Amino acid sequence: MAELTHLNSKGEATMVDVSAKSETLRIATAEATVRVSQETGELIRSGGVEKGDVFSVARIAGTLAAKKTSDLIPLCHPLPLSSIKIEFNWQDDSTLSINVTCKVTSKTGVEMEALTAASVAALTVYDMCKAVDRGMQIENVQLTHKSGGKSGSWQRQ
């Protein structure tokens, strides 16, 4: 089993020293699922949500969240993200999939940025629609792919 990298020799939480690592292109993809009522799904698809365009607002929120990840997660390094792509896809009438891909050329990975963006985009969908559907569920926030760096590529099966 791999060692936890955010602990020093005394077991104290610490930011990982990446100064000796090489800069490589790093890519991470994360997803989140939002389950809504069929009526809410139709309202989103028709553009009838009173607060505005759900996907545009959630895409902006997810993008800002990715850029601010190091402000939210204490031991994350600030990264100069080169790309944040957020896509929304309906799996069925009431199941929305949010997929986020972040890219950076850096000494450390971009997984936390992708996960944060997916989470905040999902929370924004909830916020935009909560007046009509308080029973929405945010599920399965997870990393689905990462590449770059010494550990190479990983893909969720």
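This is a short talk about the fold, the aromatic residues, the salt bridges and one helix of a predicted model.

Let me begin with the overall layout. The protein has four helices and five strands, and read from the N terminus these elements follow one another in the order β-α-α-α-β-β-α-β-β. The C-alpha trace spans about 55 × 30 × 30 Å along its principal axes. Of the 157 residues in the protein, 38% are buried. If we take the contacts between residues at least 6 apart in sequence, 70% of them join residues that are at least 24 apart, and several of the pairs I will come to are examples of links between distant parts of the chain.

I will turn now to the aromatic residues. A search of the whole structure gives two aromatic pairs. In one of them F55 and F88 are stacked, with 4.6 Å from centre to centre and 10 degrees between the planes. This pair links distant parts of the chain, since F55 belongs to helix 2, residues 54-67, and F88 to strand 2, residues 83-92, with their positions 33 residues apart. Both F55 and F88 are buried. The other pair joins F55 to W90 and is tilted, at 6.4 Å centre to centre and 50 degrees between the planes. Here too helix 2 is linked to strand 2, with F55 and W90 35 residues apart.

Is W90 buried, exposed or in between? Its relative accessibility is 26%, and so W90 counts as partly exposed, whereas F55, with a relative accessible area of 19%, is buried because the cut-off for that class is under 20%. Taken together, F55, F88 and W90 make up one aromatic cluster. There is also a charge to consider at W90, as the charged end of R45 sits over its ring, 4.5 Å from the centre.

Next, the salt bridges, of which the model has five. I would like to go through three of them.

The side chains of E139 and R35 meet with an N to O distance of 2.6 Å. E139 is in strand 4, residues 137-147, and R35 is in strand 1, residues 24-35, so that this salt bridge links positions 104 residues apart. R35 is partly exposed, its relative accessible area being 34%.

In the salt bridge between K51 and D127, the closest N and O atoms are 3.4 Å apart. Because K51 lies in the loop between helix 1 and helix 2 while D127 lies in helix 4, the pair ties together parts that are 76 residues apart in sequence. D127 has a relative accessible area of 32% and is partly exposed. K51 and D127 also belong, with K130, to a network of salt bridges.

The third one I have chosen is between E87 and K85, where the closest N and O atoms are 3.3 Å apart. Both partners are partly exposed, E87 at 36% relative accessibility and K85 with a relative accessible area of 47%.

E87 and K85 come up again when we look at N99, a residue of strand 3, which covers residues 95-106. Leaving aside residues up to four places away in sequence, N99 touches A30, E31, K85, I86, E87 and N89. Its side chain also makes a polar contact, at 3.2 Å, with the side chain of S97.

Finally, helix 4, the element that holds D127. How far does helix 4 reach from its first C-alpha to its last? The helix has 19 residues and reaches 28 Å, which is close to the 27 Å expected at 1.5 Å a residue. Its buried residues are E113, A114, L115, T116, A117, A118, A121, A122, T124, V125, M128 and C129. In an α-helix there are 3.6 residues a turn, so residues three or four places apart point the same way. The buried residues of helix 4 pack against strand 1, helix 1, helix 2, helix 3, strand 3 and strand 4.

One of those buried residues, C129, gives a last distance: its C-alpha atom is 13 Å from that of S46, although the two residues are 83 apart along the chain. S46 is placed in helix 1 and, at 49% relative accessibility, counts as partly exposed.

To sum up, F55, F88 and W90 form one aromatic cluster, K51, D127 and K130 are linked in a salt-bridge network, and the buried residues of helix 4 pack against both strands and helices, including strand 1 and helix 2.

Note on methods
Residues numbered from 1 in each chain as written. Predicted model: local features only at pLDDT ≥ 70, side-chain atom pairs only at ≥ 80, totals over all residues. Heavy atoms only, no water. Phe/Tyr/Trp six-rings, centres within 6.5 Å; stacked < 30°, edge-to-face > 60°. Helix = DSSP H or I, 4+ residues; strand = E, 2+ residues; numbered from the N terminus. Buried < 20%, exposed > 50% of the residue type's maximum accessible area, 1.4 Å probe, protein only. Lys NZ or Arg CZ within 6 Å of the ring centre and 35° of its normal. Salt bridge = Lys/Arg side-chain N within 4 Å of Asp/Glu carboxyl O. Polar contact = N/O pair within 3.5 Å; in protein donor to acceptor, adjacent residues only side chain to side chain. Contact = heavy atoms within 4.5 Å. Expected span 1.5 Å × (residues − 1).
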